[in-house]
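Please open the model in a viewer and keep the sequence panel visible. The tour below proceeds by selection, with a short account of what each selection shows.

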Amino acid sequence: MINGNLDLSPGTSVTGFPPGRTINGVMNIANATAAATLVDATNYYNSAVGLPCGTNLTGQDLGGKTLAPGVYCFNSSAALTGALVLAGGATGAYVFQIGSSFTVANGASVILTGGVQEGNVTWAVGSSATIGTSAAFVGTIDAFASISLNTGASLNGRAWALNGAVTLLDNAVNPG
């Protein structure tokens, strides 16, 4: 279930809808709206990766960390096992620049405290992102290649794959 729009550009191949469904949105397939979304997602990605790195976390697992607003970078891949707490106010922004792949373990979660908004969390992934089974994930995932949400994973945010597929398996996706 996608609470919002499903946009695809370029291409026309959407499988699994139905039984999958969108609520409070429409499917924009190979139309001007979908093309504009791709431009917006590409600009968003380029903006996120263009920010100067505030803290380099290369080689560190995000699980078990509590982070304040900022720009966090990984020179290559990144992983989240367990819980990541983002602690700040309603205007605090979090940008994660991941040089290659991003893997979120089964059952992992992103927890927002202090009024942090889902729309202020960005994951700019240099290749592909995989969100594990039953993980509870938050923010805009903007991946250069593809995004997979495994069975039962939830996303409060957006999933933008610039050059590949977004694969959903019995997921709930709600706007952030």
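**The five-stranded sheet**

In this predicted model, begin with the open sheet, in which five strands pair in parallel and follow the order 8-11-14-16-18. Select strand 8 (78-80) and strand 18 (166-168) to see its edges, where each strand pairs on one side only. Between neighbouring strands of this sheet, the turn averages 5°, direction ignored.

Next, keep strand 8 and add strand 11 (residues 102-104): the two are parallel and are paired over three bridges. Within this pairing, Ala 78 faces Phe 102 of strand 11.

**Leu 80 and the nonpolar cores**

Select Leu 80 and display its surroundings. Which residues does Leu 80 contact, leaving aside its neighbours within four places in sequence? They are Asp 61, Leu 62, Gly 63, Phe 102, Thr 103, Val 104, Ala 105, Ala 108, Ser 109, Val 110 and Phe 137.

Leu 80 also belongs to the largest nonpolar core, which has 35 residues. Those with the most contacts inside this core are Leu 62, Leu 80, Phe 96, Phe 102, Trp 123, Phe 137 and Ile 141. The element that gives the most to the core is strand 15 (residues 136-143), with four residues. Another core, of eight residues, lies apart from it; Tyr 45, Ala 124, Trp 160 and Leu 162 are among its members.

**Aromatic pairs**

Now display the aromatic side chains. How many aromatic pairs does a search of the whole structure find? The search finds seven.

For one of them, select Tyr 44 and Trp 160. Their ring centres are 5.3 Å apart and their planes stand at 90°, so the pair is edge-to-face. Tyr 44 is in helix 1 and Trp 160 in strand 17 (residues 154-161), so that this pair links distant parts of the chain, 116 residues apart. Is Tyr 44 buried or partly exposed? Tyr 44 is partly exposed, because its relative accessibility is 27% and the partly exposed range runs from 20% to 50%. Trp 160, by contrast, is buried, with a relative accessible area of 15%.

Move on to Tyr 72 and Phe 96. With ring centres 5.4 Å apart and planes at 20°, this pair is stacked, because planes under 30 degrees apart count as such. The pair also joins distant parts of the chain: Tyr 72 lies in strand 7 and Phe 96 in strand 10 (residues 94-98), 24 residues apart. Tyr 72 is buried at 7% relative accessibility, and Phe 96 is buried with a relative accessible area of 0%.

Extend the selection to Phe 102, Trp 123 and Phe 137. Together with Tyr 72 and Phe 96, these residues form one aromatic cluster. Phe 96, Phe 102, Trp 123 and Phe 137 are also among the residues with the most contacts inside the largest nonpolar core.

**The disulfide**

From Tyr 72, proceed along strand 7 to Cys 73. The structure holds one disulfide, which joins Cys 53 to Cys 73 with an S to S distance of 1.9 Å. The torsion about its S-S bond is about -75°, so the disulfide is left-handed.

What does the pair tie together? Cys 53 is in the loop between helix 1 (32-49) and strand 5 (55-56), while Cys 73 is in strand 7 (residues 70-74), so the disulfide ties together parts that are 20 residues apart in sequence. Cys 53 is partly exposed at 37% relative accessibility, whereas Cys 73 is buried at 7%.

**Strands 15, 17 and 19**

Select strand 15 again and add strand 17: the two pair in the parallel sense over eight bridges. Ala 136 has Ser 154, in strand 17, as its bridge partner. Then add strand 19 (residues 172-174), which runs parallel to strand 17 and is joined to it by three bridges. Here Asn 156 stands opposite Asn 174 of strand 19.

**Final stop: Ala 87**

Finish at Ala 87, in strand 9 (residues 83-87). Ala 87 is partly exposed, with a relative accessible area of 29%. Its C-alpha atom is separated by 4.9 Å from that of Thr 113, a residue 26 residues apart from Ala 87 along the chain. Beyond its neighbours within four places in sequence, Ala 87 contacts Thr 66, Leu 67, Ala 68, Pro 69, Tyr 94, Thr 113 and Val 116.

Conventions: Residues are numbered from 1 along each chain as its sequence is written. This is a predicted model: local features need pLDDT of at least 70, side-chain atom pairs count only at pLDDT 80 or more; totals for chains, interfaces and linings use all residues. Side-chain values use heavy atoms; hydrogens and water are left out. Buried means under 20% relative accessible area, exposed over 50%, partly exposed in between (1.4 Å probe, protein chains only). Contact means heavy atoms within 4.5 Å. A disulfide is a pair of cysteine sulfur atoms within 2.5 Å. A nonpolar core is a set of buried Ala, Val, Leu, Ile, Met, Phe, Trp, Tyr and Cys residues joined through side-chain atoms within 4.5 Å. Two strands pair if DSSP finds at least two bridges between them. Axes are lines fitted to C-alpha atoms, for helices over the stretch in contact, and angles run from 0 to 180 degrees between N-to-C directions. Rings of Phe, Tyr and Trp (its six-membered ring) pair if their centres lie within 6.5 Å; planes under 30 degrees apart count as stacked, over 60 as edge-to-face and the rest as tilted.
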